[in-house]
Amino acid sequence: MSLLSIKGLSVQIGGTPVLQGIDLEIAPGQITAITGESGSGKSMTALAVMGLLPQGAAARGQIMLDGTDILQTPEAALCGMRGNTMGMVFQEPMTALNPVQTIGAQVAETILMHEKVAKTEARARASAMLERVGLQVGPHRYPHELSGGQRQRVVIAMAIAMRPKLLIADEPTTALDVTTQARILELLQGLVDEFGMGMLLITHDLAVVADVADQIAVMQHGRIVETSATADLLRNMRHPYTKALFAASTHAVQLPEAQVDEPLLQVQNVVRDYPVKRVSLFGPRPVFRALDDVSFTVGRGERIGLVGESGCGKSTLTRAILGLEPVQGGSITLDGAPVLQGGKPDLALRRKMQVVFQDPYGSFNPRHRVDRLITEPFFLLDNPPKGAARDQAIVKALTDVGLPAEAAGKYIHEFSGGQRQRLAIARALIVEPDLIIFDEAVSALDVSVRAQVLDLIADLCRKRPLAYLFISHDLSVVRSITDRVMVMQAGKIVEQGETEAVFADPQHPYTQSLIAAAPKLPELAHAADAL
Amino acid sequence: MIRYALGRFASLVISLIVASIVIFAVVEVIPGDPAAFMLGVNARPDTIAALRAEMGLDQPLIARYLSWVGGMMQGDFGMSWTYKTPVADLIGDRVWVSLPLAIYALILSTIVAFPAGIYAASRRGSAGDTAIMGATQLGVAIPNFWFAMILVLIFAINLRWFSAGGFPGWGNPLAAIKALTLPAVALALPQAAILARVMRSSLLDMLGEDFIRTARAKGLTRRQALWRHALRNALIPVLTIIGLQFSFLLAGGIIIEQVFFLPGLGRLIFQSISARDLIVVESVVMLLVFTVIMVNFIVDLTYAAVDPRLRVRA
């Protein structure tokens, strides 16, 4: 007898179909994962089960949860079910909690909504639940005092406070670091076992899916294209989209041999301190050491990766290398010249390095056309090309990243996420730099698009010796696109070496824990037997 | 929390010192010698010099500034040159008109604006929302002196429910409140319109936040989510506006005080400027600045009470 049974669910918003003929079953104690790329309808399916479809959405079909059809249930009764029969955990733990209420009060609210109990008893049960989800801090704390992982535990405590029969988790670990992700997934699995809940796990991360789900549903364009038990699906994928999806996420790029002859970027004993709040009125102002004695070299034409969890100093290092902020000790030189001299960046030097950021949309002015956007770095040149030479440069940059020349006349909103990232790379290429810094440049992309962009990045350095500093939290990406890798923890580089050597045989305990925590997609065909 | 409060208090003291220096300097550079002005155009230079000495105008600037500030701290605001009475008494009488008027108007505007803003936000896009937004547009557009005259026309002249102006004093509190009612309504209207709009947009911002979705997933109805989770978060911008409005209501009532013949601070400062009564001008402006800074201090403390994230920041 299944707990949740979705039959023929179709949803339209303003006449546009977003879900079409969804069929899905979840049994108690079972984890069913819905996976697929962005816009495939994963979250919409979850919201439909919660009865929280956006206003203006029209749903047909049947969603039977524990004997009740959600689509036929009036709003008042649904309020009685949400948080009680079904609970939900969301993607963004940083914003999912009310900033002005203590975490204890927010968990207790779930209990008070559904049971007539005294406030003190609800508070006590909330504290117990916070302890159950492994939160180390007391219930009187406010959300802003907690880390992302801790906040996600609070959200989970809120969702399971009434021991719901169904727990829906929408990308619950996407915003978290790998080690935190591993602990949260472990917690969720433990709760499913302990409470006998059914769980609907929504995630784009196939490695997570393969790791924890009993059953997998693959979605594309609002439809479920394939549903199967995890082991079966991994052994025998029937739908071409499923195959493409898994192939893309295990995609290995063909990185050309690096021809390293001379050092390009040299970072020596760099220290970066940020002043923090005074403890006493007089006395010296305390500092936070974001970079602690960081040294490394990137050779001309070398691809080097930088991995580490959020807050470890990756972004600080990027800003220091770009000469955007002064450092308190050590030196950073590019081609032998300091990146920041007398508080002023050297424009001639800046031309030699360019950066590609995570959010392509946010880094482009929406009111300018592409030709203007990608020629922005021309201001770094003493003698920027004009007229026909400029047009040629634009066409070359666009073709280099696999976009048509006509793209020059369009606005940024007319492009997809992957195309925008190509444009960001075109903008970096147009001044023919020696070094490109990729700051989480593929993290926001869907797997298939990410595979294409990674191929492009690998292709570019085949044509001429380009050096990359590839910063990412995603270990598998760094592994495939770099020659050497550095691991950063709390402002220090704890390990660096040949990429394959570090991944195959990590020396530092922190590197070991990172690699152990990262969910891995099994070697498909044969590994499924081992499950 | 205590650190935060102390930090705000330190900035309050610094603001007051800077403000007093600026006010003193500005008033000193206003063209026109007060002594010459008081004695008229035919006064003999030695008479003017004598009056200047009597008023202390011949002292060095620093000495005059220090004696002014020192006096104020002890409640001695000096002697008005035109009224020949202590400035403290002049202000004392008028504060009891302007301050209650400002508070009255603020209460009225809040009472109207909060429900209107909350209603409009909770029924966004409905006819009620559209009507409220239209009304606030009108409220912002109508000049308050014109609205004041319309109020006088309807409620004082035609219906005779209120008197058209004047203030009977606080001997009979009910009569005093009644006399302040029309001016308070006139002052409150545009403020209420602005406040309702801020309340609505701030609430709508909050209703789109992730934690509202979380609250709904816990089983709260839309209404409950709005009242328990959105409202308190939406208060920060609203409090900012209330703080600004109070300052405006206290000092900015000049025109309304003229329309209703109220002996308030606005009229006093207007008359003092015309008469070059520098001591009164300085003192009233300083008092207004002091009030504004105090109100902002209180608003800052209220922020911290509303939002725990501000308590750690000093």
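Which parts of chain A do the buried residues of H14(A) pack against? In this predicted model, they pack against strand S18 (353–356), helix H12 (370–374), helix H13 (387–400), S19 and helix H15 (447–463) of chain A. Helix H14 covers residues 417–429 of chain A, and 11 of its 13 residues are buried, so to speak of it as mostly covered follows from residues under the 20% cut-off for relative accessible area. Among the buried ones are A:Arg420, A:Arg422 and A:Arg427, along with A:Leu423, A:Ile425 and A:Leu429. The length of the helix checks out too: at 1.5 Å a residue, its 13 residues should span 18 Å, and the end C-alpha atoms are indeed 18 Å apart.

S19, one of the partners of H14(A), also brings in the aromatic side of the story. The structure holds 8 aromatic pairs over all chains. In one of them, the ring centres of A:Phe438 and A:Tyr468 are 5.0 Å apart and the planes meet at 85°, so this pair is edge-to-face. A:Phe438 belongs to strand S19 (residues 435–439) and A:Tyr468 to strand S20 (residues 467–471), both of chain A, so the pair ties together parts that lie 30 residues apart in sequence. A:Phe438 counts as buried, at 0% relative accessibility, and A:Tyr468 counts as buried at 0% as well. Over in chain B, B:Phe155 and B:Trp161 make a tilted pair, with 5.7 Å from centre to centre and 40° between the planes. B:Phe155 is partly exposed, at 24% relative accessibility. Back in chain A, A:Phe438 and A:Tyr468 join A:Phe470 in one aromatic cluster.

Some rings have a charged neighbour over them. A:Arg272 lies over the face of A:Tyr274, 4.2 Å from the ring centre. In chain B, the charged end of B:Lys178 sits over the ring of B:Phe162, at 6.0 Å from its centre.

Chain A also has an open sheet of 4 strands, paired antiparallel in the order S2-S1-S4-S5. Strands S2 (16–26) and S5 (68–69) stand at the edges with a single partner strand each, so one side of each has no neighbour in the sheet. Strand S1 (residues 4–13) and S2(A) run antiparallel and are joined by 7 bridges; in S2(A), A:Leu24 is the bridge partner of A:Ile6. Lying across S1, S2 and strand S4 (57–65) is helix H1 (residues 42–50) of chain A, which runs at about 110° to S1(A).

Methods. Residues numbered from 1 in each chain as written. Chains lettered and ligands numbered in written order. Predicted model: local features only at pLDDT ≥ 70, side-chain atom pairs only at ≥ 80, totals over all residues. Heavy atoms only, no water. Phe/Tyr/Trp six-rings, centres within 6.5 Å; stacked < 30°, edge-to-face > 60°. Helix = DSSP H or I, 4+ residues; strand = E, 2+ residues; numbered from the N terminus. Buried < 20%, exposed > 50% of the residue type's maximum accessible area, 1.4 Å probe, protein only. Lys NZ or Arg CZ within 6 Å of the ring centre and 35° of its normal. Pairing = 2+ DSSP bridges. Contact = heavy atoms within 4.5 Å. Axes fitted to C-alpha atoms, helices over the stretch in contact; angles between N-to-C directions. Expected span 1.5 Å × (residues − 1).
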